[in-house]
Amino acid sequence: MTVSQITQAGRLPVQRIPLHAAKESIPFANAIRLQESFTARAERKALAWLAMRLPSWINSDHLTFLGFCAMILAGASYALARTNRVGLILATIFLALNWFGDSLDGTLARIRNRQRPRYGFYVDHMIDTIGGFFLMGGLAISGIVDWRIGLGIFIAFLMLSVEVYLAAYTLGKFRLSFAKFGPTEIRILLALGNAALWFRPDARIFGSSYRVFDVGGIVAIAGMGLMLIVSAVCNTVKLYRAEPLH
């Protein structure tokens, strides 16, 4: 086909690659996982202990699905808390179930040598994004936190997640915690907040102006924003130095 024929056709010719060849041509380097949170060491031991005692018919997909459903139900429980305080107890239970499924699925795959790095990375983090939407949506509906703060938390979470995923791709390091805080610590803080509201439904900070979850949400937004800026600057410098122009 000549250049004029291509121009007349209005499109470039497409080279067709067999499906099996396309699969083999996709390189994937598993990023180094960096988990340095307060609970990381104890959590690794607990997860390994649990994984070795799970029945053989339970696999990582089951646990991933459990974690996803639990996150949605946690959001629904927060929405219920608007009219019934039992929602706070249910939300705490489902946060614990979310930890069980979301944290244990990867450990189980590694212990049984049944890892699927691309599949696991993609599915886990798509589920985290969708689950986070339902959790923050439930909190916003509950009235426990101002809906604008809930939206701000979700946006900050998405922006920080994008930075983490880009760093995993470009630097080969997948950071699961910042400043000693990771997903498990966030669940613990939410559970403690639920307990505080259960015993003191009108709990406020600094007199009568600010609700507990509003203050916590603002701190979370500021913290994630700072983490995003610091990580983005540091990683940009690393990449700039790694690829100098000669």
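Buried means under 20% relative accessible area, exposed over 50%, and partly exposed in between, using a 1.4 Å probe and protein chains only. The model is predicted, so local features need pLDDT of at least 70 and side-chain atom pairs count only at pLDDT 80 or more, while totals for chains, interfaces and linings use all residues. Residues are numbered from 1 along each chain as its sequence is written, and side-chain values use heavy atoms, with hydrogens and water left out.

**Exercise 1. Place threonine 107: which helix holds it, is it buried or exposed, and what does it contact?**

Step 1. Start with the helix, taken as a DSSP run of H or I with at least four residues, numbered from the N terminus. Threonine 107 sits in α5, which covers residues 86–111.

Step 2. Now the accessibility: threonine 107 has a relative accessible area of 11%, so it is buried.

Step 3. For contacts, look for heavy atoms within 4.5 Å. Once neighbours within four places in sequence are set aside, threonine 107 is in contact with Leu47, Ala48 and Ala51.

Step 4. Ala51 leads on to a nonpolar core, a set of buried Ala, Val, Leu, Ile, Met, Phe, Trp, Tyr and Cys residues joined through side-chain atoms within 4.5 Å. The largest such core has 27 residues, and Tyr78, Leu135, Ile144 and Phe213 have the most contacts inside it. A second, separate core of seven residues includes Ala51, along with Leu54, Ile58 and Leu63.

**Exercise 2. Describe the geometry of α5: what is its span, and where is its kink centred?**

Step 1. The expected span of a helix is 1.5 Å times one less than its number of residues. With 26 residues, α5 reaches 37 Å from first C-alpha to last, close to the expected 38 Å.

Step 2. Next, check the bend, the angle between axes fitted to the seven residues ending at a residue and the seven starting there. A kink of about 35° in α5 is centred on leucine 104.

Step 3. Look just past the helix: asparagine 113 follows α5 and has a positive phi, near 55°.

**Exercise 3. How many salt bridges are there, and which parts does the arginine 116 pair tie together?**

Step 1. Apply the rule: a side-chain nitrogen of Lys or Arg within 4 Å of a carboxyl oxygen of Asp or Glu. The count is three salt bridges.

Step 2. Arginine 116 pairs with aspartate 61, their closest N and O atoms being 3.1 Å apart. Because arginine 116 lies in the loop between α5 and α6 and aspartate 61 in helix α4, the pair ties together parts 55 residues apart in sequence.

Step 3. Aspartate 102 forms a salt bridge with arginine 187, at 3.0 Å between the closest N and O atoms. This pair links helix α5 to helix α8, with the two residues 85 apart. Aspartate 102 is partly exposed at 23%, whereas arginine 187 is buried at 11%.

Step 4. Finally, arginine 148 and aspartate 146 meet at 2.9 Å, N to O. Arginine 148 is exposed at 55%, while aspartate 146 is buried at 18%.
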